[in-house]
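Here's a quick walk through a fold, written for someone who likes to check things against the coordinates. Keep the viewer open while you read.

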Amino acid sequence: MDKLVFSQDGSHTIISDRFGVSYHSKFGSIQETQTVFIDAGLDYIVSRGYRDINILEMGFGTGLNALMTYQSIKGININYHTLEAYPIVEAQYTELNYPEVLSLTEDQTKGFLDMHKASSGDKIAISENFDFTKHLIKIEDFTTSEKFDIIYYDAFAPTSQEELWTPELMAKLYDMCNPGAVLVTYCAKGSFKRALRSARFTVEALDGPEGKREMTRGKVV
Ligand SMILES: C[S@@+](CC[C@H](N)C(=O)[O-])C[C@H]1O[C@@H](n2cnc3c(N)ncnc32)[C@H](O)[C@@H]1O
């Protein structure tokens, strides 16, 4: 049975029984999402002038990345797609302390629960500026005609799921990107960076979240 535990910034994470790892950094789920996905992904793209942004997330999990993206919207429109092969159940997502730790409004909490309840493939408007589509599918089987500006690559680490960090999968993701897009991830493993390069991403090493020296941003130029 998956276990709900506290990470070091006081926010919850889950230890996956199936994969034997946690969904977030033990140093803090919220600080990891903020550094890797919001600062290096969303804020970076916004700083380049984007206002209508298509995001693809690999691994919806607890929904924290989606929630913090939704919470960060100011003067932009987001079309958010997320992939999840093994969704957590209601008894787990209703126990997560993110609404409390992130001081969510009632509307934002409802939005968070609506994301979890969404049926696969249904586009729902969480707010005027945030469209959300969850695909309950393995990334290996996912196809789309959409093109993305940001990919949040939040798979379990290569030590648990090596098959999700391959040159072939990165090439598939490259083809789903708009020119100028970025892929951001906490992973900084050499073989993964080589996989990104072989898929034609330009690779940047950035300072990682607490407890991690480095993270990676791949760019489509
Ligand atoms: C590191 S966790 C994601 C954490 C998540 N972004 C969050 O904010 O809580 C990795 C997620 O990938 C999902 N997953 C594992 N294998 C997958 C696959 N082949 N395709 C799609 N999702 C997969 C897991 O069930 C898990 O939810």
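How many of the seven residues of strand 3 (residues 52-58) are buried? Six of them are, so strand 3 counts as mostly covered under the cut-off of 20 or more other C-beta atoms within 10 Å. Bear in mind throughout that this is a predicted model.

**Around strand 3**

Strand 3 has parallel company in strand 4 (residues 77-83), and the pair is held to seven bridges. To find the register, look for D52, which stands opposite N77 in strand 4. Further along, N54 faces N79, also in strand 4. Getting from strand 3 to strand 4 takes the chain through helix 2 (residues 64-72), and this β-α-β crossover is right-handed.

Strand 3 also pairs with strand 7 (residues 148-153), again in the parallel sense, over four bridges. Here M58 has Y153 of strand 7 as its bridge partner.

Strand 4 is mostly covered as well, with five of its seven residues buried. Besides strand 3, strand 4 runs parallel to strand 6 (residues 130-135), and six bridges join these two. One pair to click on is H81 with its bridge partner T133 in strand 6.

Here are the three pairings side by side:

| Strand pair | Sense | Bridges |
|---|---|---|
| Strand 3 and strand 4 | parallel | seven bridges |
| Strand 3 and strand 7 | parallel | four bridges |
| Strand 4 and strand 6 | parallel | six bridges |

**The whole sheet**

Zoom out, and these strands belong to an open sheet of eight, in the order 5-6-4-3-7-8-10-9, with mixed pairing. Which strands stand at the edges? Strand 5 (123-127) and strand 9 do; each has a single partner strand, so one side of each has no neighbour in the sheet. On average, neighbouring strands of this sheet are turned by 20° against each other, direction ignored.

Is I126, a residue of strand 5, buried or exposed? I126 is buried, because 22 other C-beta atoms lie within 10 Å, and 20 or more is what the label takes. The C-alpha atoms of I126 and D114 are separated by 7.5 Å, with their positions 12 residues apart along the chain.

**Helix 1 and what follows**

Helix 1 (residues 29-47) isn't straight: there's a kink of about 45° centred on I38. I38 is also one of the buried residues of helix 1, along with others including I30, V36, F37, L42 and I45. The buried list isn't just greasy side chains, either, as E32, T33 and T35 are among them.

Past the end of helix 1, the loop leading to strand 3 holds R48. R48 is exposed because it has 10 other C-beta atoms within 10 Å, and 12 or fewer earns that label. If you measure from R48 back to S25, 23 residues apart along the chain, the C-alpha atoms are separated by 28 Å. Also just after helix 1, G49 takes a positive phi of about 100°.

**Two positive phi values outside glycine**

Most residues other than glycine have a negative phi, so exceptions deserve a look. S103 has a phi near 50°, and R200 has one near 85°. Both are in loops: S103 between helix 4 (98-101) and helix 5 (106-117), and R200 between helix 7 (190-198) and strand 9 (202-207).

How do their surroundings look? S103 is exposed, since 8 other C-beta atoms lie within 10 Å. R200 counts as partly exposed because it has 14 C-beta neighbours inside 10 Å, between the cut-offs of 12 and 20.

**The ligand shell**

Which residues come nearest to the ligand? Of the 17 residues around the ligand, those are G59, G61, T62, L64 and A85. Sorted by type, the shell divides into eight nonpolar, five polar and four charged residues. Two landmarks help with orientation: strand 3 covers residues 52-58, and helix 2, with residues 64-72, lies on the way from strand 3 to strand 4.

Technical notes
Residues numbered from 1 in each chain as written. Predicted model: local features only at pLDDT ≥ 70, side-chain atom pairs only at ≥ 80, totals over all residues. Near = placed C-beta within 6 Å. Nonpolar A, V, L, I, M, F, W, Y, C, P; charged D, E, K, R; others polar. Pairing = 2+ DSSP bridges. Right-handed = clockwise from strand over helix to strand, strands pointing away. Bend = angle between axes of the 7 residues up to and from the residue. Axes fitted to C-alpha atoms, helices over the stretch in contact; angles between N-to-C directions.
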